[in-house]
Amino acid sequence: MSYSDSDSSSGAGDYKNFRQISRERLLYEMLRSAKVKDSKSTWKVLIMDKVTVKIMSYSCKMADITSEGVSLVEDIYRRRQPLPSMDAIYFIQPTKENVVMLLSDMSGRTPLYKKAFVYFSSPIPRELVAHIKKDSSVLPRIDELGVLCNRQPEDLFGDEENTRKGDACLNVMATRIATVFASLREFPFVRYRAAKSLDPMTMTTFRDLIPTKLAAGIWNCLMKYKSIPNFPQTETCELLILDRSIDQIAPVIHEWTYDAMCHDLLNMEGNKYVHEVPSKTGGPPEKKDVLLEEHDPIWLELRHAHIADASERLHEKMTNFISKNKAAQLQHGSREGGELSTRELQKMVQALPQYSEQIDKLSLHVEIAGKINRIIRDQGLRELGQLEQDLVFGDAGMKDVIKFLSTNEAASRENKLRLLMILATIYPEKFEGEKGLQEHPFLTVFGLWKEENVRD
């Protein structure tokens, strides 16, 4: 694929962030380059999948897309109307499913579109290219086949260390990271944190070797990219591969995954959660200790999800269960889609003993998610969490913290202390001196100073 379009569109020496660079590549190297001089088709169809839609929406506005001659944006997995007089631009992931859909669209006597300009979001495996070449009716209808941009990284850490699966995931991550540098026209030194010990007497796990393997994968990809026109032949910057243990702020700020929120806000002892369930005899609620561990499939599914996503999924699970079970609908009564309480869920367990384990798990997590969301609301953690993130990324400073505290006087002592620790990590020079933090004037601002001294 030619890189001349984006080169000519940017002035020499002008600084552009990654979003701007991605925008230029998508608009000029993909949409604008999909123009055939002898084609009578003025307007084109843009076809994407769920991931590439996110890439496009991050980088471009709809007005940008239409200005490049795109009249219709389609989902590759939706049923689409044939437009045999129009050309189509495919911006898709290089997966077998997407290639099958592409071939289905463009093969046979009556293809959906006149010509196809196909751009993949990351390098396509050779076997998929061979699969495309096998279809003799499709090949003449593909005007361009190229690779553009990178995709979003996936979660690497599973519950069990599956080396083969882990290596495959690392290869995908390495390719995507390297493609970002290819887009930026940067060739980095790749520096990484080596495993703690490579001593044969000490057991080194797969996770210990992740930075080493990822660094090797990125470097191998970058060496291949040196053949790209205008790609640097010597290193121009540095890439550091680190894990969260190197981040001093990570243990302090609020983490918004379901797992982290449980341990942060619910005063759990390890993985033990005290679950209150209605008494079967009609007495006061009974307390039941439950462990949030691998034996709980809902916990495994949701623990790494954002709390908002986890809450939404739980609601969907309960809605789907009720819609498929008439007895559950009777227990749900005439609530008209309202939320079920823990007591109502317990009644449902009694009415549907064959589903008792399934509803027990659901009721447990509905209660947990509901309790977390109430704490978030009551303590104003959304605003606090946004301030924490802005401080970490340099979008907020001391003035913003003072403004927050002046308008949130009810903020807990713990949350004030978190903000102070974040500031001390970001601006250590402000806390230097003989007395250090113990008698710092910031403590008065934060309401953390007492006559008996904060050390008590």
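Which residues in H9 are buried? I looked this up first and found Tyr 258, Asp 259, Met 261, Cys 262 and Leu 265. I keep in mind that the model is predicted.

**Entry: around H9**

I followed the chain past the end of H9 and came to Asn 267, whose phi is positive, near 55°. On the other side, a loop runs between strand E7 (237-241) and helix H9 (258-265), and Ile 246 lies in this loop. I looked up the exposure of Ile 246 and noted 43% relative accessibility, which counts as partly exposed. Ile 246 also belongs to a nonpolar surface patch with Leu 240 and Leu 242. I recorded about 290 Å² of accessible area for the three together.

**Entry: whole chain**

I counted 18 helices and nine strands. The chain has 456 residues, and 41% of them are buried. For the accessible surface I have about 26,600 Å², with 51% belonging to carbon and sulfur atoms. I then took the contacts with a separation of 6 or more and found that 71% of them join residues 24 or more positions apart.

**Entry: cysteines**

I searched for disulfides and found zero. I checked two cysteines for burial: Cys 60 is buried at 8% relative accessibility, and Cys 221 is buried at 13%.

**Entry: salt bridges**

The search of the whole structure gave me 14 salt bridges. I went through several of them.

Glu 29 and Arg 25 pair through their side chains at 3.3 Å, N to O. I placed both in helix H2 (residues 18-32), four residues apart, or about one turn of the helix. How buried or exposed are they? I noted relative accessibilities of 2% for Glu 29 and 3% for Arg 25, so both count as buried, the cut-off being under 20%.

Arg 418 and Glu 414 form a salt bridge at 3.0 Å, N to O. They sit in helix H17 (residues 413-426), and because they are four residues apart, about one helical turn separates them. Here I found Arg 418 buried at 9%, whereas Glu 414 is partly exposed at 48%.

Arg 191 and Glu 238 also form a salt bridge, at 3.3 Å, N to O. Arg 191 lies in strand E6 (residues 188-192) and Glu 238 in strand E7, so this pair ties together parts that are 47 residues apart in sequence. I have both as partly exposed, with Arg 191 at 39% and Glu 238 at 48%.

Last, I noted a network of salt bridges that links Glu 301, Asp 309, Arg 313 and Lys 317.

How values were computed: Residues are numbered from 1 along each chain as its sequence is written. This is a predicted model: local features need pLDDT of at least 70, side-chain atom pairs count only at pLDDT 80 or more; totals for chains, interfaces and linings use all residues. Side-chain values use heavy atoms; hydrogens and water are left out. Helices (H or I, at least four residues) and strands (E, at least two) are DSSP runs, numbered from the N terminus. Buried means under 20% relative accessible area, exposed over 50%, partly exposed in between (1.4 Å probe, protein chains only). Contact means heavy atoms within 4.5 Å. Accessible areas come from the Shrake-Rupley method with a 1.4 Å probe; for residues, only the protein chains shown count as cover. Patches are made of residues with over 30% relative accessible area and no salt bridge: like charges are joined within 9 Å, nonpolar side chains (Val, Leu, Ile, Met, Phe, Trp, Tyr) within 5 Å. A salt bridge is a side-chain nitrogen of Lys or Arg within 4 Å of a carboxyl oxygen of Asp or Glu. A disulfide is a pair of cysteine sulfur atoms within 2.5 Å.
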